[in-house]
Amino acid sequence: MKPESLIYILVFQALFGFEVFFSSTNIFSGDLIYIFGFCRNEKLTNTRQNGKSAVVYHEKNGKFHLFTGSDVEFFSGKLELVFMTEHSNYRYSFPVNMRKTETRLITFTNQTAAAMVSDRKKIISESRSFHEFYKAFTEPYWKGNFISPAGHAPVSSDFAVHRSNSVTGVQSFHRGIDFLMPSGAQVYAPNHGIVVFSGFADIRGNLVIINHGMGLYTSYFHLEKSLVKTGQKIKKGEIIALSGKSGLVTGAHLHWDVRIDNTCVNGTDLLKMHFPPEP
Ligand SMILES: [Zn+2]
């Protein structure tokens, strides 16, 4: 699918040379948002998002940028950003709408598999054990548009699909995108980055985690085989793995996880963005 051109919205332009652009201002829970701006004559001293400090990447020419996003279960609320300079505070506030999600019954014939998928303790503890890999905020390694990690493979289960286990009745949200891929299909790096993890976990199976910089990470689960090593620098389009059905799955596919600040966001947003979105 050809990525659609994003409309970058000029939200505010002050006389002091402060401008900020948002990739979208019609925000839904689970969206990934890219924000960039210029602060020409004064210094950007602090940025806060919803009352917490937000990490912004600064370039030398006064240009700054950041990715942000909210969790899919952040049902209602506001995205509030305050950019502080020596002289002024620039405030932006947008409502975060509840994402409309499709509900799918996940059918199991095997009682044990159904029970395992619903083993919340195990899922949460494995998920927690990976948090440390998503923490570092580094300079941007990514450059230009992101490409699909799955080539032309179609999406088989979209982001935020609400799942209901046919046997146990446990409900959950899909916090990634599944691509329909057979075992042994090539998985590509969507952009430049550094591999922060390449290994195995019970639920995720063989997995790879890539740091693209600026708090943005992409992960690849249920692989047949990883073709990269932890610490390895990778280039956009490089084959990083072969898809498979390792870990806890009902069949072969690629689960693609996109995170900003350790929050899972919609990877489709990333594939649609056009960089650099210079005004
Ligand atoms: Zn998945």
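Q: Let's say that contact means heavy atoms within 4.5 Å. Which residues does T138 touch in this predicted model, leaving aside its neighbours within four places in sequence?

A: Start with N211, G213 and M214: T138 is in contact with each of these, once neighbours within four places in sequence are set aside. As for where T138 sits, look in the loop between α2 (120–129) and β12 (155–157).

Q: What joins the side chains of T138 and N211?

A: That pair has a polar contact, at 3.3 Å. The cut-off for such a pair of N or O atoms is within 3.5 Å.

Q: Now the metal. Which residues are the protein donors of the zinc ion?

A: Check which atom each residue offers. H174 gives NE2, D178 gives OD and H255 gives ND1, and they lie 2.0 to 2.2 Å from the zinc ion. Along the sequence, those donor residues follow the spacing H-x3-D-x76-H.

Q: Are H174 and D178 buried or exposed?

A: Both H174 and D178 are buried.

Q: Why is C39 called buried?

A: Go by relative accessible area, where buried means under 20%. C39 is buried because its value is 6%. C264 is buried too, with a relative accessible area of 8%.

Q: How many disulfides does the structure hold?

A: Zero disulfides.

Q: And how should I read the confidence?

A: Where pLDDT is low, don't read the predicted coordinates in detail. Here the protein chain averages a pLDDT of 88, and 90% of the residues score at least 70. Over residues 1–7, though, pLDDT stays under 50, and the model has 11 contacts for them beyond four places in sequence.

Methods: Residues numbered from 1 in each chain as written. Predicted model: local features only at pLDDT ≥ 70, side-chain atom pairs only at ≥ 80, totals over all residues. Heavy atoms only, no water. Donors = N, O, S within 2.8 Å, 3.2 Å for Na, K, Ca; no water. Buried < 20%, exposed > 50% of the residue type's maximum accessible area, 1.4 Å probe, protein only. pLDDT = per-residue confidence, 0-100. Helix = DSSP H or I, 4+ residues; strand = E, 2+ residues; numbered from the N terminus. Polar contact = N/O pair within 3.5 Å; in protein donor to acceptor, adjacent residues only side chain to side chain. Disulfide = S-S within 2.5 Å.
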